[in-house]
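Visitor: Hi! I'm new to this one and would love a quick tour. Can I just fire off questions as they come?
Guide: Of course, ask away.
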Amino acid sequence: MQRTELVNHFQEKLFIPEMHATTKEGALGELLDLFVREKLIRNRDLVWEMLHQRETLGSTGIGKGVAIPHGRTTAASNVFIAFGKSSKGIDFDAIDKKPVHLFFMVIAPPHDEGNIYLPILGTLVTVLNDKNNRDRLLEVSSFADFVPIITGE
Amino acid sequence: MFKKDLEQLVSLQDLDLMIEEAVEVEKLGFSVTGYNELKTAREELAHVITKPLLFRYERLRAKLKRAIVPVKNDVCLGCFLRQPTSLGAKGREDDQIFTCENCGRMLYWLD
C-alpha cells in the first residue's frame, strides 16, 4: 500500500496530540473512546473485549516506543486508524519492555473492501521502523503536522 | 433469544478472525506468543453459547467465512444487498437474530 493511500484512513477527529493516559488500559480506553465519540463503532464493550483478546495473543507494543493495537470487529463498518502520542511514555508491556510514546489503533470490519486491513498494518510497521519518522512523530502537535510524516513528504 | 446471544457470537467471530489472521500478522512483525491462550478463550466462549446457535454459526462460517456481518445504512456488508427498512427497525430493537435474505448471514446493525 502506498503511504499516500494509508493517510486516507486517518482523520483529525481520531488524533490525540498529547494523551492523558498513564497505563496500558488507560491508553487503550482513551483511543477507543475516540471511535465511540465519533460513532464509528456501535458497541464499546465488544471492541474493548476484542482489543484485550488481541493483547492476549501478544502485546501490540512492537518496540522502539511504538504500539499498534489492532483487530477486526463485527462492530465496525470501515477501517479507521486513531493516533495518540504520549510524551512521557506509557508502560504497554512492549516486546522490548520500553515505554510507548506513539500509538496507532487500527479497527477494521470483518470484511473490508479491497482487503486493505493487513496492508495497512504492514505499511504502518514499515513507516514506524524508520527512526526519522518516529522522531518526527514525537514532535507533532497538530494533524496538519502529522499528515506529511505519514505520506513521506 | 437475547441480544446477549448475538453479542457473544460477535465476540466469537472477532476471536475466530484474530486466530485466522495470526500467522499473517506475525509475518508483519507482531508478537503472537499467546496463540494457545487465544484458542482456549475461544473454546471457553463457544462453550457458553447455546448449541443450536453455535451450530448455525459454525455452518455459516464454513460456507461463507463470515457468519455475522454489520449492517450499515440498511446494507448488508456481507453481500451489499439493501435490507428492507422494516427489518432494520426490528433488527435494532428485537431480541431475535435476523439473517440477510440474499446471503443468509446473520445481521448486526451498526446504526
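Visitor: Let me start with a single residue. Which helix of chain B does Leu64(B) lie in?
Guide: Leu64(B) is part of helix α3 of chain B, which covers residues 51-64. Please keep in mind that this is a predicted model.

Visitor: Okay! Is Leu64(B) buried, partly exposed or exposed?
Guide: Leu64(B) is partly exposed, because 14 other C-beta atoms lie within 10 Å. To count as buried, a residue needs 20 or more.

Visitor: And what is Leu64(B) in contact with, leaving aside its neighbours within four places in sequence?
Guide: With those set aside, Leu64(B) is in contact with Cys103(B) and Arg105(B). As for Gly104(B), its C-alpha atom is 9.0 Å from that of Leu64(B), although 40 residues separate the two along the chain.

Visitor: Let's zoom out. How many helices and strands does chain B have?
Guide: Chain B has four helices and three strands. Starting at the N terminus, their order is α-α-α-β-β-α-β.

Visitor: What does the C-alpha trace of chain B span along its principal axes?
Guide: The span is about 45 × 30 × 25 Å. Chain B has 111 residues, and 29% of them count as buried.

Visitor: What about contacts in chain B between residues at least 6 apart in sequence: what percentage join residues at least 24 apart?
Guide: That comes to 58% of those contacts.

Visitor: New topic: the two chains. How many residues does each one bring to the contact?
Guide: Chain A brings 26 residues and chain B brings 31 residues. On the chain A side, α3 (44-57), β4 (70-72) and α4 (117-129) each supply at least two residues.

Visitor: Which element gives the largest share of that chain A side?
Guide: That is α3(A), with seven residues. By class, the side of chain A that touches chain B has eleven nonpolar, eleven polar and four charged residues.

Visitor: So how does α3(A) pack with α2 of chain B?
Guide: α3(A) and helix α2 of chain B, residues 35-48, pack at an angle of about 140 degrees, and their axes are 7 Å apart. The two helices are therefore oblique to each other.

Visitor: Nice. Which residues make that contact?
Guide: From α3(A) there are Gln53(A), Thr56(A) and Leu57(A), and from α2(B) there are Tyr35(B), Glu37(B), Leu38(B) and Ala41(B).

Visitor: And how do the residues of the contact of α3(A) with α2(B) divide by class?
Guide: They divide into four nonpolar, two polar and one charged.

Methods. Residues numbered from 1 in each chain as written. Chains lettered and ligands numbered in written order. Predicted model: local features only at pLDDT ≥ 70, side-chain atom pairs only at ≥ 80, totals over all residues. Contact = placed C-beta atoms within 7 Å. Nonpolar A, V, L, I, M, F, W, Y, C, P; charged D, E, K, R; others polar. Axes fitted to C-alpha atoms, helices over the stretch in contact; angles between N-to-C directions. Parallel < 35°, antiparallel > 145°, perpendicular 65-115°, else oblique. Buried ≥ 20, exposed ≤ 12 C-beta atoms within 10 Å, placed from the backbone.
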